[in-house]
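Me: I should like to learn how to read a model of this kind, one feature at a time. Could you take me through it?

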There are 2 protein chains.
Amino acid sequence: MTDASSLAATTIAESFKGVFRQHPSAVALITAMTERGPVGLTASSVASVALDPPALSFSVTRATGSAGGILNAPSFVVHLLADTQVDVAEAFAHSGRPRFTPEQGWSRLDTGEPYLPDARAALRGRALHLVPVGSSSLVIAEILEVHVGPAAPPLLYHDRSYRTLPRADA
Amino acid sequence: MTDASSLAATTIAESFKGVFRQHPSAVALITAMTERGPVGLTASSVASVALDPPALSFSVTRATGSAGGILNAPSFVVHLLADTQVDVAEAFAHSGRPRFTPEQGWSRLDTGEPYLPDARAALRGRALHLVPVGSSSLVIAEILEVHVGPAAPPLLYHDRSYRTLPRADA
């Protein structure tokens with residue numbers, strides 16, 4: 001790679017990052033049970049992929065720590081968060097914050113995964129495909145169980161801020 | 001599959017569909033040039049995957065028509081739409097609507113793909129991976145060029161309606 005093409009690659013990656021900072025997305029919290037205990041991470045990349053089987057995708061930017069725990073777990077739970085759940089989203093978006101505290105409202109599914117009953121929905125799934133892309137991994141997950149929570153406006157992330165989507169008739 | 005497990009599978013797919021109807025997403029319009037002319041489709045599944053290389057994912061629910069054209073094209077353009085672009089989003093979300101009309105504001109990139117300069121961003125890419133999932137396909141695309149458009153609030157889709165995200169300070 002020449003210096004010029006290296007510079008171009010850096011510029012494209014920077015522009016790409018800036019564009020996605022302005023790309024709003026609904027916020028999810030993904031959890032799994034591992035040999036070392038429960039793990040979780042906040043993700044803004046959850047998208048529906050198929051209905052036959054019901055499948056969604058998400059990506060993680062590394063393969064260590066909580067992300068590694070989820071990538072290696074036989075099953076996990078994708079929680080779609082309500083706008084009242086900023087605190088738990090923040091706790092699992094940054095390292096060193098208290099996690100799985102009683103105040104965060106955790107329960108367990110019968111199958112052992114950490115579960116937030118107050119989420120708008122909790123989707124238990126297992127990986128169908130893991131696709132490495134650079135230092136990230138994209139997970140395609142088949143959904144095995146759907147737990148629908150209380151109706152609530154969704155939590156969004158946009159331009160480094162948590163947002164909500166007001167009701168359409170508001 | 002027994003009748004009971006078949007019923008359970010149908011119920012999970014229906015619940016899954018209902019949950020994602022309430023999952024807001026930013027709206028994209030993906031275009032390509034094919035031997036039969038330009039094709040495009042509206043997608044609500046675009047997510048950032050990696051920065052090294054810059055890569056995003058999206059899915060299409062079938063492999064024929066415009067989706068097939070994009071899956072088979074050597075390159076395509078992922079437009080992230082502004083809240084002023086509901087009409088063009090609708091035109092490419094339903095069959096039989098007029099497409100690539102002068103009123104929709106189309107241009108062309110030097111590389112030939114149909115291009116909407118009024119989009120918030122237009123990302124030219126090529127498929128790194130195509131992953132079939134049931135009758136859908138998930139595309140992981142490396143981004144080769146980023147065209148940043150006019151600053152504008154993003155177009156969202158939620159509960160079968162087009163929405164926008166008001167400015168944070170509004």
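Reply: The turns below treat the fold of one chain, then the symmetry, the interface and one helix. Please bear in mind that this is a predicted model.

Me: What does the secondary structure of chain A come to?

Reply: Chain A has three helices and twelve strands. Its radius of gyration is 17 Å, close to the 15 Å that the globule rule gives for 170 residues, so chain A is as compact as a globular protein of that length. Along the principal axes, the C-alpha atoms of the chain fill a box of roughly 55 × 45 × 40 Å.

Me: How much of chain A counts as buried, and what share of the contacts with a separation of 6 or more comes from residues 24 or more positions apart?

Reply: The buried share is 44% of the 170 residues of chain A. Of the contacts in chain A with a separation of 6 or more, 63% join residues 24 or more positions apart.

Me: What rotation superposes chain A on chain B?

Reply: A rotation of 180°, with 0.0 Å of shift along its axis, superposes chain A on chain B at an RMSD of 0.0 Å. This is the relation of a two-fold axis. Within chain A, Ser25(A) has the C-alpha nearest that axis, at 2.9 Å.

Me: How should I read the interface, and how many residues of each chain are in contact?

Reply: The size of an interface is often given as the accessible area lost when the parts come together. Here the description is by residue contacts: 48 residues of chain A are in contact with 48 residues of chain B. Among the elements that give two or more residues to the side of chain A that touches chain B are helix H1 (3-21), strand E9 (121-133) and strand E10 (136-148) of chain A. H1(A) gives the most, with seven residues. The residues of this side divide into 29 nonpolar, 14 polar and five charged.

Me: Why do the copies meet through the same surface?

Reply: 100% of the interface residues of chain A are also interface residues in chain B, so the two copies meet through the same surface.

Me: How does one read the burial pattern of a helix, and which residues of helix H2 (residues 65-72) of chain B are buried?

Reply: An α-helix has 3.6 residues a turn, so residues three or four places apart point the same way. In H2 of chain B, the buried residues are Ser66(B), Ala67(B), Gly69(B) and Ile70(B). They cover an arc of only 160° around the axis, which puts them on the same side of H2(B).

Me: Against which strands do the buried residues of H2(B) pack?

Reply: They pack against strands E2 (28-34), E3 (37-43), E5 (54-60) and E6 (76-80) of chain B.

Notes
Residues numbered from 1 in each chain as written. Chains lettered and ligands numbered in written order. Predicted model: local features only at pLDDT ≥ 70, side-chain atom pairs only at ≥ 80, totals over all residues. Contact = placed C-beta atoms within 7 Å. Helix = DSSP H or I, 4+ residues; strand = E, 2+ residues; numbered from the N terminus. Nonpolar A, V, L, I, M, F, W, Y, C, P; charged D, E, K, R; others polar. Buried ≥ 20, exposed ≤ 12 C-beta atoms within 10 Å, placed from the backbone. Arc of directions from axis to C-beta. Least-squares fit on C-alpha atoms with pLDDT ≥ 70 in both. Rg over C-alpha atoms; globule rule 2.2 N^0.38 Å.
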